[in-house]
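Let's take a friendly walk through this model, with the ligand and the enclosed space as our two stops. Have the structure open as you read.

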Amino acid sequence: MAKVKTTFFCQNCGSQYAKWQGQCNACKAWNTIVEEVVQKTEKNDWKTSTSTTKKATIPLQIKDIDLTKEPRLNTLDTEFNRVLGGGIVPGSLTLLGGEPGIGKSTLLLQISLKLPYRTLYVSGEESQKQIKMRAERINQNQSNCYILTETKTQNIFKQIETLEPDIVIIDSIQTLHSDYIESSSGSISQIKECTSELIKFAKETATPVLLIGHITKDGHIAGPKILEHMVDTVLQFEGDRNHVFRILRANKNRFGSTNELGIYEMQGSGLREVSNPSEVLISKKDEELSGNAIAATLEGMRPLMIEVQALVSTAVYGTPQRSATGFNAKRLNMLLAVLEKRAGFRLGAKDVFLNITGGITVDDPAIDLAVVAAILSSNEDAAIQKDYCFAAELGLSGEIRPIQRVEQRILEAEKLGFSTIFVSKYNKISLKKLSIKVQLISKIEDLTDFLI
Ligand code: TYD
Ligand code: MG
């Protein structure tokens with residue numbers, strides 16, 4: 001009998017050890033090292049029945065490489081195409097990560113139902129009937145989509161050989177299991193092995209493969225870090241589960257930019273593409289309320305107008321509370337300190353609550369000015385005109401700092417009918433004939449002059 005070979009893997013970062021230890025040397029996590037059986041029985045090839053002698057490739061001059069033969073597959077989903085950089089590249093591996101229940105399976109099922117190609121949707125998580133029920137909700141034409149419930153990679157490849165799909169979707173990589181490795185599904189060595197089998201299949205047949213990946217509680221894709229290195233594209237599906245908006249972004253993309261962003265709205269009948277996010281994210285109100293300010297932010301390459309709400313009230317207890325939803329709480333504290341020190345506002349004994357509407361998290365520094373304006377407005381109980389918007393970063397000495405791509409933001413604000421946008425004096429703006437007023441300010445005091 002062959003000797004059983006085992007290795008110890010850190011379940012957090014995927015580092016390998018010869019024997020057990022309490023702490024991982026690489027990621028410093030405790031009690032994450034687990035023994036896994038990595039015995040291989042045979043040569044691992046996605047096509048075991050026919051041993052293919054791989055055609056050796058020859059070097060080509062870059063100008064001679066023909067691109068026209070392999071155009072990208074259009075998914076008929078403009079947001080998904082945009083994030084991928086124009087469609088799915090043949091032979092590529094794309095990994096879609098996201099929290100449980102965020103809508104990963106829904107998104108990929110919806111795309112496979114829409115696709116004009118023969119699609120194989122492999123699920124290790126739901127039965128065919130359950131997927132059919134989901135498909136009925138999404139209600140797309142379902143002519144070319146095949147559903148397979150299987151977790152063993154060898155069986156999946158057998159089905160692929162007979163079906164010859166143009167695109168394969170795996171839900172999820174953590175449920176897959178390869179016969180060549182003894183350890184259980186979802187373990188580091190299984191994920192590594194199944195992914196490399198899929199890569200081999202994808203590259204040899206030029207069939208694109210989309211994988212769904214679970215994430216750990218700190219937001220990283222579960223499994224070894226090497227998984228992200230192995231695939232061509234890593235997409236992240238995020239959003240607040242209690243809100244309807246979902247954002248799709250690329251964390252890594254070998255065939256396009258990682259700056260693009262897709263926005264969806266979760267509805268009763270699947271995900272709807274949101275092509276005009278700014279209009280959806282700003283609540284339409286008739287009256288002006290204090291504590292509201294609109295920020296002209298940029299998510300990736302897309303301008304996005306976002307509503308910031310602040311509530312400043314007298315603290316009931318000795319230590320005032322500061323809480324922020326969708327915004328970094330440390331940055332909120334910093335902005336409050338700047339307001340206190342540079343603009344003379346006594347916020348030390350006040351509770352401050354901040355909320356970015358729509359359940360979106362913003363890390364664009366250009367939102368600072370809108371945050372400060374919302375806080376000032378709530379503190380003074382004076383409403384900001386609802387056709388004002390803000391786009392600037394705030395420095396520690398109270399200076400209004402320039403931001404990138406200011407012109408794109410100004411044009412978006414103009415398009416949506418804002419009358420005035422506040423930006424830093426140090427931003428260079430060469431736009432002519434604008435119908436929007438561009439108010440240049442250099443210090444936090446200038447802002448208070450305008451608002452209060
Ligand atoms: P799902 O795709 O199962 O999430 P994941 O695969 O990321 O775990 O999405 C589940 C959620 O989506 C569930 O809470 C219900 C919601 N949903 C809708 O609101 N409308 C729909 O049409 C569908 C199919 C799901
Ligand atoms: Mg799922």
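## Polar contacts of the ligand

How many Å separate an oxygen atom of ligand 1 from a polar backbone atom of Lys-104? In this predicted model, the distance between the two is 2.8 Å. Nitrogen atoms of the ligand have partners as well: one lies 2.6 Å from a polar backbone atom of Gln-267, and the side chain of Arg-137 places an N or O atom 3.1 Å from a ligand nitrogen. On its own, ligand 1 has 560 Å² of accessible area, and the protein covers 75% of that.

## The shell around ligand 1

Let's step back to the wider surroundings. Ligand 1 is surrounded by 15 residues, and the closest are Gly-101, Ser-105, Thr-106, Gln-267 and Gly-270. Sorted by class, the shell holds eight polar, four charged and three nonpolar residues.

Three elements each give at least two residues to this shell: helix H2 (104–114), helix H3 (128–138) and strand S11 (261–267). H2 supplies the largest share, with three residues.

## The enclosed space

Now for the second stop. Searching the whole structure turns up one cavity of 30 Å³ or more, and the largest cavity holds about 50 Å³ of space.

Which residues line the largest cavity? They are Arg-72, Leu-84, Gly-87, Ile-88, Val-89, Ser-92, Thr-94, Thr-233, Asn-253 and Phe-255. By class, this lining splits into five polar, four nonpolar and one charged residue.

Definitions and conventions. Residues numbered from 1 in each chain as written. Chains lettered and ligands numbered in written order. Predicted model: local features only at pLDDT ≥ 70, side-chain atom pairs only at ≥ 80, totals over all residues. Heavy atoms only, no water. 1 Å grid on protein atoms, 1.4 Å probe; cavity = no way out; pocket = protein on both sides within 12 Å on 5 of 7 lines; lining within 4 Å. Points joined across faces, edges and corners; volume = space filled by probe spheres on them. Nonpolar A, V, L, I, M, F, W, Y, C, P; charged D, E, K, R; others polar. Near = heavy atom within 4 Å. Polar contact = N/O pair within 3.5 Å; in protein donor to acceptor, adjacent residues only side chain to side chain. Areas by Shrake-Rupley, 256 points an atom, 1.4 Å probe, with all protein chains shown as cover. Helix = DSSP H or I, 4+ residues; strand = E, 2+ residues; numbered from the N terminus.
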